[in-house]
Amino acid sequence: MKKFLVVAGARPNFMKVAPLMREFRRRMEQGADVSVLLAHTGQHYDEKMSANFFRDLDIPLPDVNLEVGSGSHAVQTAKVMMAFEELCEQEKPDWVVVVGDVNSTMAAAITARKLGIRVAHVEAGLRSGDMSMPEEINRLCTDAISDLLYTTDRIAGENLRREGVAESRIRFVGNVMIDTLYGSLERARALPPVNGLTAGNYAVVTLHRPANVDSAERLSALLGVISEISHQVPVLFPMHPRTKKNIESFGLQSLVEGNGHIHVTEPMSYLPFLSSVAGSRLVLTDSGGIQEETTVLGVPCLTMRPNTERPITCECGTNILVGDDVGRIRSAFSDVMRGAVSRRAIPDLWDGRAAQRIVADLIENH
Ligand code: UD1
């Protein structure tokens with residue numbers, strides 16, 4: 001019997017492992033001779049950053065929680081490696097399946113590979129070219145050592161080939177996060193808008209990257225322009241714990257609390273958040289995955305970063321890179337308000353069946 005160990009650690013991982021776990025279980029019910037375990041590293045541990053997602057996404061609770069928690073990058077990575085090594089030695093999986101680009105992804109991949117366990121990376125090949133992003137380092141390390149690289153789009157495959165990766169390791173399968181989106185959209189759309197906002201007439205803001213929120217100057221400039229925008233369309237702002245902490249420590253509360261048009265909430269779970277994005281006029285974000293979700297939903301997305309590892313969303317989707325330049329944010333916002341931003345196409349294979357392709361390949365070909 002072939003044994004798979006799937007790993008998730010942080011919020012953006014949960015919607016990616018959900019369709020994989022579902023598909024593994026479906027194949028097992030049909031008699032496939034495999035077993036699968038889900039390990040949660042515990043990188044994200046708050047109810048609102050973790051447990052809520054398991055409920056919303058209907059994923060069975062993790063078989064194991066390594067409970068590593070927060071820490072510096074080195075501490076967090078090392079803790080995952082130590083705990084995950086012990087788990088691998090106990091469970092002796094044939095394959096470890098990692099998703100995305102968080103510290104847990106890289107830590108689990110390196111640990112497994114050094115134990116001689118084969119590693120599959122789901123969402124491989126994304127590159128921002130920006131080595132100041134911890135996720136870029138995680139992507140490069142994970143892809144360099146993984147046996148199988150499952151890619152979401154054409155550009156990711158091109159990146160890997162440019163780095164000299166053999167064709168036999170690359171599989172273009174589509175986007176598991178979009179599997180989850182399609183599987184959840186009907187339930188999400190049935191939810192009432194949060195805070196009494198009117199569908200089609202509000203913006204959703206998310207902000208959490210260290211580059212944007214760890215500097216008082218940059219955070220205050222971004223909050224300033226968000227505050228300006230909120231006078232034209234009300235803003236829904238589910239706030240990441242890091243951002244909340246920094247707004248308080250830099251004394252910037254008045255920029256978000258004072259004007260009455262910014263609705264700050266706790267981090268939202270998957271369905272209410274998807275519902276909010278689907279019903280919004282536009283999104284301003286520095287997230288990775290939201291650039292893809294808005295592309296599929298056709299909602300204009302202003303990405304407050306100088307670069308993106310997901311250029312396909314700019315090429316055919318609704319994504320516009322605005323960096324932290326207040327002028328660019330204002331002008332892209334006015335483009336959106338006059339209806340000048342729309343989607344050209346949904347990227348190939350973002351069709352809700354990526355997990356089926358991945359699990360079929362893992363079970364049948366390896
Ligand atoms: C991580 C990922 C990032 C992803 C983001 C989504 C890495 C390098 N980064 O960043 O790619 O976009 O998750 O949220 O892996 N905290 C809590 N509760 C929690 C988790 C974190 O309060 O459940 C706070 C802690 O103060 C912690 C801080 O948030 O120190 C940062 O958490 P961490 O997991 O280190 O990174 P994120 O910024 O969340």
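What follows is a short dialogue on how to read the domains, their interface and the ligand site in this structure.

Reader: What kind of model is this, and how are residues numbered?

Author: This is a predicted model, in which local features need pLDDT of at least 70, side-chain atom pairs count only at pLDDT 80 or more, and totals for chains, interfaces and linings use all residues. Residues are numbered from 1 along each chain as its sequence is written, and side-chain values use heavy atoms, with hydrogens and water left out.

Reader: Which domains does the assignment give?

Author: Domain bounds come from an automatic or database domain assignment. Here that gives domain 1 (2–175 + 350–365) and domain 2 (190–337). Their C-alpha centres lie 27 Å apart.

Reader: How many residues of domain 1 and domain 2 are in contact?

Author: Contact means heavy atoms within 4.5 Å. In this case 23 residues of domain 1 touch 22 residues of domain 2.

Reader: What area do the two domains bury between them?

Author: Buried area is the accessible area (1.4 Å probe) that two parts lose on being put together, summed over both. For domain 1 and domain 2 the value is about 1900 Å², with 59% of it on carbon and sulfur atoms. On the domain 1 side, Lys48, Asp56 and Trp350 lose the most area to domain 2, together 26% of what that side buries.

Reader: How many salt bridges cross the interface?

Author: A salt bridge is a side-chain nitrogen of Lys or Arg within 4 Å of a carboxyl oxygen of Asp or Glu. The rule finds four across the interface of domain 1 and domain 2. Arg154 forms a salt bridge with Glu315, where the closest N and O atoms are 2.5 Å apart.

Reader: What is the count of salt bridges by this rule, and where do Glu364 and Arg27 lie?

Author: The count comes to 27 salt bridges. Glu364 and Arg27 meet in a salt bridge at 2.6 Å, N to O. Glu364 lies in helix H16 (residues 354–365) and Arg27 in helix H1, so the pair ties together parts that are 337 residues apart in sequence. Helices (H or I, at least four residues) are DSSP runs, numbered from the N terminus.

Reader: Which residues are closest to the ligand?

Author: A residue is near a molecule if one of its heavy atoms lies within 4 Å of it. There are 21 residues around the ligand, the closest being Gln43, His44, Asn103, Glu135 and His208. A polar backbone atom of Asn103 is 2.9 Å from an oxygen atom of the ligand. A polar side-chain atom of Lys245 lies 3.1 Å from a ligand oxygen atom.

Terms used. A polar contact is a pair of N or O atoms within 3.5 Å; within protein, one must be able to donate a hydrogen and the other to accept it, and residues adjacent in sequence count only if both atoms are side-chain atoms. Helices (H or I, at least four residues) and strands (E, at least two) are DSSP runs, numbered from the N terminus.
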